[in-house]
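Please find below a short note on the structure, set out as numbered points. It is best read with the sequence and the 3D view side by side.

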Amino acid sequence: MTPPSALTPTISCINPPELGDPPGYSQIVEISAGRILFIAGQTAVDADSHIVGKNDFSAQAERVFHNLSVALRARGCTAANLVTLTVFLTDMNNLGRYREARNRFFASVKPPAAPAVTLVEVSKLYGPDFMIEIEAVAAA
């Protein structure tokens, strides 16, 4: 495995006034980095591939962000390195609970992070009990 780079990426979050001020994300993220990380969709599973929070969206969202954090740390990164997220929910009624978990996750880093985000509702994910999945791109 290649060790994480010592270079610090430049990540600029931009919200042109004509596009408005979005809640909790950025319209544009510009990066200058030595490495780009593509993180596969993370679901609510533990290290033994057991589901965490069956029928409990909040527990699943917390676990998904935990798993995302583990993936980032494995490459010497934090939530501050994230440049984009693609979020899949099986029920848009969970949007508020997703935002609560997201806000806790991004509040954990300084400077605060607000990557570009696309969020969609899907009919199902790869397992019948999963309610949320998040894939990500980070710059380091």
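1. A definition is needed before the central motif can be described. A crossover is right-handed if, with the strands pointing away from the viewer, the path from the first strand over the helix to the second runs clockwise. It should also be stated at the outset that this is a predicted model.

2. With that term in hand, the β-α-β unit may be located. Strand 4, helix 2 and strand 5 make up such a unit, and it is right-handed. The helix covers residues 95–107, while strand 4 spans residues 82–89 and strand 5 spans residues 116–121.

3. The two strands of this unit are also paired with each other. Six bridges connect strand 4 with strand 5, and the pairing is parallel. For Leu85, the bridge partner in strand 5 is Val117.

4. Which strand runs antiparallel to strand 4? It is strand 6, residues 132–139, and seven bridges join the two. As an example of a residue pair, Val87 has Ile134 of strand 6 as its bridge partner.

5. Strand 6 has a further pairing, with strand 3. These two strands are antiparallel and share five bridges. Here Ile39 is matched with Ala136, its bridge partner in strand 6.

6. The pairings may now be put together. What is the order of the four strands in the open sheet? The order is 3-6-4-5, and the pairing is mixed. Strand 3 (36–42) and strand 5 are the edge strands, since each of them pairs on one side only. From one strand to the next, the twist averages 10°.

7. The surface deserves a separate remark. Ile31, Ile36 and Phe38 form a nonpolar patch there, and their accessible area together is about 310 Å². Ile31 belongs to strand 2, which comprises residues 28–32. Why does Ile31 count as partly exposed? Its relative accessibility is 35%, and the partly exposed class lies between the limits of 20% for buried and 50% for exposed.

8. Finally, Asp21 should be noted. Asp21 lies in the loop between strand 1 (10–14) and strand 2. Is Asp21 buried or exposed? Asp21 counts as exposed because its relative accessibility is 69%, and exposed means over 50%. Along the chain, Asp21 and Gly127 are 106 residues apart, and their C-alpha atoms are separated by 35 Å.

Technical notes
Residues numbered from 1 in each chain as written. Predicted model: local features only at pLDDT ≥ 70, side-chain atom pairs only at ≥ 80, totals over all residues. Heavy atoms only, no water. Pairing = 2+ DSSP bridges. Patch = residues over 30% accessible without salt bridge, like charges linked within 9 Å, V, L, I, M, F, W, Y side chains within 5 Å. Areas by Shrake-Rupley, 256 points an atom, 1.4 Å probe, with all protein chains shown as cover. Salt bridge = Lys/Arg side-chain N within 4 Å of Asp/Glu carboxyl O. Buried < 20%, exposed > 50% of the residue type's maximum accessible area, 1.4 Å probe, protein only. Axes fitted to C-alpha atoms, helices over the stretch in contact; angles between N-to-C directions.
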